[in-house]
Amino acid sequence: MKTSSITVQLYSSLMHSLPVARLGQQISWQCLILLCPFLFLQGKGNFTYCPAAGLAVGNECSAFAGWAFPFPGVFLLEEFINQDEESEMVQLMDQEDWKRSQSGRRKQDYGPKVNFKKKKLKAGGFIGLPSFSQEIVQRMKAHSALEDFFPVEQCNLDYLPERGSAIDPHFDDWWLWGERLVSLNLLSKTVLSMSCDSEDSLQLFATHSQGSGESNHSASPQASQTHKPNNLTPTSACENLDSWDIDHSSSPRLIPYKEVTVDILLPKRSLIVLYGDARYKWKHAIYRKHIEHRRICVTFRELSAEFTLGGKQEKLGKELLEIALTFQGKPV
């Protein structure tokens, strides 16, 4: 029997067994999640990224509870801007035209005109990043991971649940764009879903609480109930995980990369940087189910080595960067 059939039968059974259902009252999906969260596992990430530990930790209701693996290449800052700054930024964006994009999104681009297939680019109508981003870019440099980050492009994406907004798993181009992808999440929380198509094996490690030394997995991974259930609340996903560590005394477990999805929870006004493996090995996506309210993503991109000092197109890269950092731009 398929999982979807089991889900329907469980849902039907639950609806007819509850007293309120027999009274003809409606039960909200939120109540069903609380009563029977396993109904909603289909299509959900089976690991959640914990910034404090740098680990992707198996979700309680998945087959990987009590297991984790290092997930490098993510830098996450909560409350990178305050609520007043957020409101001002969105107000300034909405004064400019939004262009229709794919999958229910709208966009504003500040960057050079690019033909990725032919690997050609020119300044075109690009006259710089917007003025409101100057303080944001300057603030980034207070963090070591971004102290030498010089964005040459900014893309604003507008998501709305009524439009079914989403973006499929993908890699950002790496001919033109450099290693770090920097995104500011505005207006509502969401989940960045990471997946990998590789047939190679990923090594999982048992987890244990620091100080106790006790392993958090049992003989049957499904039986572990040591983690709190994962949901969209950013603080609950990693609650108590900062005191966890990998148990190197236990035998590791091997599974194909393609069986793993990692949820990175993004609070509103948070800044995330993807680099290294998270940039080049794992695809990233935003699914419709994770757009609860209007959301704006502001992504900044730097130039690749080909367009920086010593690269084949160093001169062009320098020209584009000088334009970008005037901070006098309008959407192109």
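**Exercise 1. Is Glu79 buried, partly exposed or exposed, and what is unusual about its backbone?**

Solution.
- Start with the surface. In this predicted model, Glu79 has a relative accessibility of 47%.
- Apply the cut-offs. Buried means under 20%, and exposed means over 50%. Glu79 therefore counts as partly exposed.
- Place Glu79 in the chain. Glu79 sits in the loop between E4 and H4.
- Now check the backbone. Phi of Glu79 is positive, about 50°, although the residue is not a glycine.
- Recall the general rule. Most residues other than glycine have a negative phi.

**Exercise 2. Treat Leu187 in the same way: where is it, and what is its phi?**

Solution.
- Find the element. Leu187 lies in the loop between E11 and strand E12 (190-195).
- Read the angle. Its phi is near 80°, a positive value in a residue other than glycine.
- Read the surface. The relative accessible area of Leu187 is 29%, so Leu187 is partly exposed.

**Exercise 3. In what order do the strands of the open sheet run, and which strands are at its edges?**

Solution.
- Write down the order. The 7 strands run E4-E17-E11-E19-E9-E6-E5.
- Note the sense. The pairing is antiparallel.
- Look at the ends. Strand E4 (74-77) and strand E5 (99-100) are the edge strands, and each pairs on one side only.
- Add the helix. H4 (residues 83-94) packs on this sheet. H4 touches strand E6 (106-110), strand E9 (153-159), strand E11 (177-186) and strand E19 (295-303).
- Give the angle. The direction of H4 makes about 105° with that of E11.

**Exercise 4. Which residues of E17 are buried, and which residues pair with them?**

Solution.
- Count first. In strand E17, 5 of its 5 residues are buried.
- Sort by face. Ser270, Ile272 and Leu274 are on one side, while Leu271 and Val273 are on the other. Both faces are covered.
- Recall the pattern. In a regular strand the side chains alternate between the two faces of the sheet.
- Turn to E4. E4 and strand E17 (residues 270-274) are joined by 4 bridges and run antiparallel. Leu77 has Leu271 as its bridge partner, and Phe75 stands opposite Val273.
- Turn to E11. E11 pairs with E17 over 5 bridges, in the antiparallel sense. There, Val182 has Val273 as its bridge partner.

**Exercise 5. Why do the buried residues of H8 line one face of the helix?**

Solution.
- List the buried residues. In helix H8 (residues 314-324) they are Gly317, Leu320 and Ala324.
- Look down the axis. The buried residues fall within an arc of 65°, so they line one face of H8.
- Recall the geometry. An α-helix has 3.6 residues a turn, so residues three or four places apart point the same way.
- Check the other side. Lys315, Lys318 and Glu322 are exposed there.
- Find the neighbors. The buried residues of H8 pack against strand E8 (120-122) and E19.

**Exercise 6. How many residues are in the largest nonpolar core, and which have the most contacts inside it?**

Solution.
- Give the count. The largest nonpolar core has 34 residues.
- Name the hubs. Met140 and Leu186 have the most contacts inside this core.
- Trace the elements. H4, helix H5 (134-140), E11, E17, E19 and H8 each give two or more residues to it.
- Zoom in on Leu186. Leaving out residues up to four places away in sequence, its contacts include Ile81, Met89, Val90, Met93, Ile296 and Val298. Charged side chains belong to the list too, among them Glu86 and Arg269.
- Look for another core. A second, separate core has 32 residues, including Tyr159, Met194, Ile255 and Leu274.
- Recall the tendency. In soluble globular proteins, nonpolar side chains tend to be buried together.

**Exercise 7. Is His248 buried or exposed, and how far is it from His208?**

Solution.
- Place His248. It is in the loop between strand E14 (244-246) and strand E15 (253-256).
- Read the surface. His248 has a relative accessible area of 65%, so it is exposed.
- Compare the two separations. His248 and His208 are 40 residues apart in sequence and 9.6 Å apart in space, C-alpha to C-alpha.

Note on methods. Residues are numbered from 1 along each chain as its sequence is written. This is a predicted model: local features need pLDDT of at least 70, side-chain atom pairs count only at pLDDT 80 or more; totals for chains, interfaces and linings use all residues. Side-chain values use heavy atoms; hydrogens and water are left out. Two strands pair if DSSP finds at least two bridges between them. Contact means heavy atoms within 4.5 Å. Axes are lines fitted to C-alpha atoms, for helices over the stretch in contact, and angles run from 0 to 180 degrees between N-to-C directions. Buried means under 20% relative accessible area, exposed over 50%, partly exposed in between (1.4 Å probe, protein chains only). The arc is that of the directions from the helix axis to the C-beta atoms. A nonpolar core is a set of buried Ala, Val, Leu, Ile, Met, Phe, Trp, Tyr and Cys residues joined through side-chain atoms within 4.5 Å.
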